[in-house]
Amino acid sequence: MARAFLVVMDSLGIGGAPDAAAYFNGDIPDTGANTLAHIAQACAAGEAEEGRSGPLHLPHLEGLGLGAACRLASGDAAPGLEATPKGLWGAATEHSRGKDTPSGHWELAGLPVPWDWTVFPKTVPAFPKDISQLAAELAGTDGILGNCHASGTEILKQLGEEHLRTGWPICYTSVDSVFQIAAHEEHFGLARLLRLCEELAPHLHAMRVGRVIARPFVGTPGAFARTGNRRDYALTPPGKVLTNWVQDAGRAVHAIGKIGDIFSMQGIDAVSKGTDATLMQALAHQVDHAPDGGLVFANFVEFDSLWGHRRDVSGYARALEWFDAELGPILARLRPDDLMILTADHGNDPTWTGTDHTRERVPVLGAGRDAQGIGIVDFTAVAAAISEHLNVEYPPDMRSFL
């Protein structure tokens with residue numbers, strides 16, 4: 001039986017979202033943001049030299065049609081990615097409101113978000129008083145630190161030492177629908193942080209806040225570093241999605257990365273977690289050993305978390321080149337009846353103003369199919385195509401591009 005692999009390159013947008021003007025980083029609309037094209041242009045101009053040199057080199061993604069998808073989506077050139085596609089290629093437009101992880105992943109899995117997410121105002125304090133008091137109460141502290149919009153790494157520099165001194169959790173948000181809590185794994189305790197987030201999450205979900213995110217860190221003042229023990233407590237999807245459709249058909253579903261968190265384990269049988277390097281090993285293992293008829297659904301988050309939000313162009317470029325080099329041998333081991341779709345959930349242009357996601361179209365690349373341009377499709381077409389490939393029923397109002 002056929003197998004399917006759905007791989008999300010978190011935040012690898014390709015520009016061109018028709019409603020980008022309605023989304024902002026600070027006071028600047030996302031119109032013109034293009035994660036891939038701007039990285040490639042910076043590399044070609046020699047502006048992304050740290051640890052690498054020359055044009056962006058992504059032979060496997062380029063061969064599948066990444067450069068062609070970028071030109072289709074936005075009209076922008078991605079220097080160095082001009083090859084004629086050898087796989088199925090196109091772009092997808094999101095219709096859900098928002099430019100965050102749940103919106104993108106839920107719609108890719110066949111469920112457009114039917115509401116506007118709650119986001120917190122750019123004020124200090126940012127959170128309602130009752131939520132701040134509840135967070136402190138659940139943490140067993142007299143208060144919380146932060147209570148504002150902030151970059152996750154910058155707020156550790158600003159408040160990490162005070163956190164060690166007071167024991168109060170650091171709570172912050174962004175333009176996305178999130179409530180994030182940072183705490184030291186040793187001084188505060190990892191299990192205590194996870195319990196705090198788990199207990200607080202239902203109250204935020206009732207407000208239609210998409211995620212409560214545990215952001216553990218280690219180290220000392222001046223040398224704090226976030227760890228790989230991040231955990232997302234996401235609102236449960238309000239309906240069935242791709243993972244449910246596949247599981248209900250009696251097939252196995254394996255999640256790699258934060259997919260289990262994003263879907264609250266709905267329709268998921270097993271999970272692999274870790275750094276992106278560890279997740280790449282897990283993907284390779286699944287290509288070699290996943291059962292017939294099954295779905296492997298993976299997310300590689302570090303493009304977004306380590307490089308996009310930090311506006312690190314060279315870091316993002318190095319990560320893309322690493323991913324492409326690792327992907328090559330995996331593509332070579334796909335079976336003749338396998339389908340691997342590589343896509344993204346939103347953009348995070350490291351050349352853009354601010355530190356938040358950017359509203360963009362995303363690539364849709366298919367390995368295991370003959371060269372074919374699919375044009376610009378809806379996000380939900382990805383779920384329909386995976387379902388069609390696996391011969392699994394999916395909602396009749398969705399259109400597959402296969």
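Helices (H or I, at least four residues) and strands (E, at least two) are DSSP runs, numbered from the N terminus. This is a predicted model, in which local features need pLDDT of at least 70, side-chain atom pairs count only at pLDDT 80 or more, and totals for chains, interfaces and linings use all residues. Residues are numbered from 1 along each chain as its sequence is written, and side-chain values use heavy atoms, with hydrogens and water left out. The points below cover an open sheet of eight strands, its strand β1, two nonpolar cores, a helix pair and some backbone details.

**The sheet**
- The open sheet has eight strands in the order β12-β11-β13-β1-β14-β15-β4-β16, with mixed pairing; two strands pair if DSSP finds at least two bridges between them.
- β12 (270-272) and β16 (372-378) are the edge strands, and because each has a single partner strand, one side of each is left without a neighbour in the sheet.
- On average, neighbouring strands of this sheet are turned by 15 degrees against each other, direction ignored.
- Three bridges link β11 (residues 253-256) to β12 in the parallel sense, with A255 opposite V271 of β12.
- Helix α13 (residues 380-390) lies across β1, β13, β14, β15 (362-367) and β16, and runs at about 160 degrees to β1.

**Strand β1**
- Seven of the seven residues of β1 (residues 3-9) are buried, so this strand is largely enclosed by the rest of the structure; buried means under 20% relative accessible area, exposed over 50%, and partly exposed in between (1.4 Å probe, protein chains only).
- In a regular strand the side chains alternate between the two faces of the sheet.
- In β1, R3, F5, V7 and M9 are buried on one side, and A4, L6 and V8 on the other.
- β1 runs parallel to β14 (residues 338-343), joined by six bridges, and I341 in β14 is the bridge partner of L6.
- β1 also runs parallel to β13 (residues 295-300), again with six bridges, and here V8 has N299 as its bridge partner.

**Nonpolar cores**
- A nonpolar core is a set of buried Ala, Val, Leu, Ile, Met, Phe, Trp, Tyr and Cys residues joined through side-chain atoms within 4.5 Å.
- The largest has 95 residues, of which L56, L283, F323, M340, L342 and F401 touch the most other members.
- Helix α12 (residues 313-332) contributes the most to this core, with nine residues.
- Another core, of 24 residues, lies apart from it and includes F127, F179, I181 and A183.
- Beyond its neighbours within four places in sequence, L342 is in contact (heavy atoms within 4.5 Å) with residues including V7, M9, F323 and L327.

**Helices α5 and α7**
- α5 (residues 129-139) and α7 (residues 185-205) pack at about 145 degrees, with axes 9 Å apart; axes are lines fitted to C-alpha atoms, for helices over the stretch in contact, and angles run from 0 to 180 degrees between N-to-C directions.
- Residues of α5 including I131, L134 and L138 meet residues of α7, among them F188, L196 and L200.

**Backbone details**
- Most residues other than glycine have a negative phi, and most peptide bonds are trans.
- V124 and P125 are joined by a cis peptide bond, with omega about 5 degrees, and P125 is in the loop between α4 (101-108) and α5.
- N147, in strand β5 (residues 145-149), has a positive phi of about 55 degrees and counts as buried at 12% relative accessibility.
- R208 has a positive phi near 65 degrees; this residue is in the loop between α7 and β8 (211-218) and counts as partly exposed at 42% relative accessibility.
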